[in-house]
Amino acid sequence: METNWTTFRELLLPEHNRRRGVEAELRRAIREGRLAPGTRLPSSRDLAQQLGIARGTVTSAYAQLIGEGYLTARRGSGTTVASLGPESAERTPEPAERWRYNLRPGLPALSAFPRAEWVAAHRAALAELPDDDLSYPDPAGYSGLRKELADYLARVRGVVARDVVITNGSADALSLLARMLKGSIAVEEPSHFGAVSMLASHGMRTVPIPVDDHGIRVDLLSTTDCSAVLVTSAHQFPLGVVLHPERRRALVEWAQSRDALIIEDDYDAEHRYDRPALGALQSLAPEHVVYQGSTSKVLAPAMRLAWLVVPDRLRDTVVDRKRLDDLGSATIPQAALAHLIRTGGYDRHLRRTRALYRKRRDALLNAFADHLPSWRPIGVAAGLHVVMRLPDGTDDLALQQELASRGVNAMALANFYAGEPSYPGLVLGYAALSPDRLRDAVREIHCAAGV
Ligand SMILES: Cc1ncc(COP(=O)(O)O)c(C=O)c1O
């Protein structure tokens, strides 16, 4: 059954939902019967264009819904709405449980979350917290955590931080910045499509700048009208390259000559396996770099605790924005995190998980070397994911769909490009699965690839 696109867009995805809720809206429409079994969905490219969102957002929604059993994908016949029995139509599936192997990039080992230490940190923090600190918070964040983080970031990442602003995840941080900056912002190509969609949702024009083996092509920034750039310089997301020292200097010179702002998203620099990561770019030009960090990769995304170090001249504007948004983030978890850092629990957890992730990464790479030796791993020295480069001509989006139908959540590299990808690949998160499960997942990928 074909669907008329205009109708689909207007009936299912009202304006306010288009950017954020494609996956949720499709799920709801199928459950409520507004999208009938057998209905054929448009290609991810078409739907992304229709809705004015990144293609990766649509392919990731399709993959999720295929994994949950709402959609089916078959080579040659595209993506269609699956037939759900009356009982299953009423049930709310648990997405994470529906994947046999969830290789979504960006997830740490959730089973390694230091539950006992976190409870102890909460108890200790609450015992110490003066009653006054239970009132409305300072919108910049709890002073005890800001101080701990300033010391921690100077020690671990070389960040020059006179002060730190606490946010609800990097997502909140990026939203604050987007609304403050407006205009055009350069983003890496490929990049995190969630971040790009978020910037666009606040009215920013995102300008993709290619990434090569040395990181973002800084020389191309001067050909744009951008007054800001978002970079993952320590470990490019998703390709994993490190920004070359000469490009770091050139980037800073570009920002200084144009009085532009560099947003340094330092999302996983603590997870480097061969040697310590290069220090943060921020220390080269604290007046032109906004440094952004998060607990999402170290502890868990559910923490929603992140931070910004902003140039002195912008600090009051950012804090004002935060106050107008939500009066500041919750104090008690911040006090617990301050306790965890102060007492060494954060560093201990990082040492434990670094060893764990290294073993998992090695298991994944060895399994690929055994089963798919012609696939080339990229960006393996750090982080919680690798990119497997596929033989030229492979349709990585088709492979993603085939894998989803087998219960494997493995994202195609094409999702992370606004334009044409340089080569096909899979972006595979390995931190959340045991070595045995990773080996099984690679066996399944081998079967799906039909090599
Ligand atoms: C490139 C990048 N930046 C930042 C984050 C963390 O975002 P948040 O702190 O909102 O969880 C992620 C998580 O997936 C990411 O991949």
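Start by selecting strands E10 and E11 (residues 306-309): the two pair in the antiparallel sense, with four bridges between them. Keep in mind as you go that this is a predicted model. Along this pairing, pick Ser-294, whose bridge partner in E11 is Ala-306.

Next, add strand E9 (residues 261-265), which runs parallel to E10 and is joined to it by four bridges. Here you can find Ile-263 standing opposite Val-290 of E10.

Now stay with E10 itself, residues 289-294. Six of its six residues are buried, so the strand is largely enclosed by the rest of the structure. Turn the view to see both covered faces: Val-289, Tyr-291 and Gly-293 are buried on one side, and Val-290, Gln-292 and Ser-294 are buried on the other.

Ser-294 leads us on to the ligand, as it is among the closest residues there, together with Gly-106, Gly-169, Ser-170 and Ser-296. Select the whole shell and you will have 13 residues around the ligand. Colour them by class and you should get five nonpolar, seven polar and one charged. Then highlight helix H9 (residues 169-181), which gives the most to this shell, with three residues.

Finally, zoom out and colour the chain by domain: domain 1 covers 5-97, domain 2 covers 115-343 and domain 3 covers 348-449. The C-alpha centres of domain 2 and domain 3 are 26 Å apart. Where these two meet, domain 2 supplies 19 residues and domain 3 supplies 21 residues to the contact. On the domain 2 side, look for nine nonpolar, four polar and six charged residues touching domain 3.

Notes
Residues numbered from 1 in each chain as written. Predicted model: local features only at pLDDT ≥ 70, side-chain atom pairs only at ≥ 80, totals over all residues. Near = placed C-beta within 6 Å. Nonpolar A, V, L, I, M, F, W, Y, C, P; charged D, E, K, R; others polar. Domains from an automatic or database assignment. Contact = placed C-beta atoms within 7 Å. Buried ≥ 20, exposed ≤ 12 C-beta atoms within 10 Å, placed from the backbone. Pairing = 2+ DSSP bridges.
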